[in-house]
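Thanks for coming. I have one structure to go through this morning, and I will keep to what can be read from it.

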Amino acid sequence: MGGMSAIHWIIVAVVVLILFGGRGKLSGLLGDAGKGIRAFREGLKQGAEPEAPAETAATKVEAPKDDARP
């Protein structure tokens, strides 16, 4: 009792291969979860940076010059 025999290790290995195998459903879900976490972190980084005010057409309009009149 208490020790793990060869059959126990084989069962553990089979369960691990089923759960985390190359094309298993769980490994695909974990990969998608990892991509989601990575995208969330990138979104936090982008949101933390102060954005420069965007120049609009109204801010670029210059007042007419009076030098053009004769």
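I will take the overall layout, then the confidence, then the surface.

This is a predicted model. The chain has three helices and zero strands, and along the sequence that reads as α-α-α.

Now the confidence. Mean pLDDT for the chain is 75, with 59% of the residues at 70 or more. Among the elements, helix α1, residues 6-20, has the highest mean, 86. The lowest mean is 55, in helix α3, residues 57-60. As a general caution, predicted coordinates should not be read in detail where pLDDT is low.

On to the surface. How many of the 70 residues count as buried? The figure is 1%. The accessible surface of the chain is about 7,000 Å², and carbon and sulfur atoms account for 64% of that.

One surface feature involves charge. K35, R38, R41 and K45 gather there in a positive patch. Take K45, which lies in helix α2, residues 25-48. Is K45 buried or exposed? K45 counts as exposed, because its relative accessibility is 60% and the cut-off for exposed is over 50%.

That is the last item on my list.

Conventions
Residues numbered from 1 in each chain as written. Predicted model: local features only at pLDDT ≥ 70, side-chain atom pairs only at ≥ 80, totals over all residues. Heavy atoms only, no water. Patch = residues over 30% accessible without salt bridge, like charges linked within 9 Å, V, L, I, M, F, W, Y side chains within 5 Å. Areas by Shrake-Rupley, 256 points an atom, 1.4 Å probe, with all protein chains shown as cover. Salt bridge = Lys/Arg side-chain N within 4 Å of Asp/Glu carboxyl O. Lys, Arg positive; Asp, Glu negative; His and termini not counted. Charge placed at Lys NZ, Arg CZ, Asp CG, Glu CD. Helix = DSSP H or I, 4+ residues; strand = E, 2+ residues; numbered from the N terminus. Buried < 20%, exposed > 50% of the residue type's maximum accessible area, 1.4 Å probe, protein only. pLDDT = per-residue confidence, 0-100.
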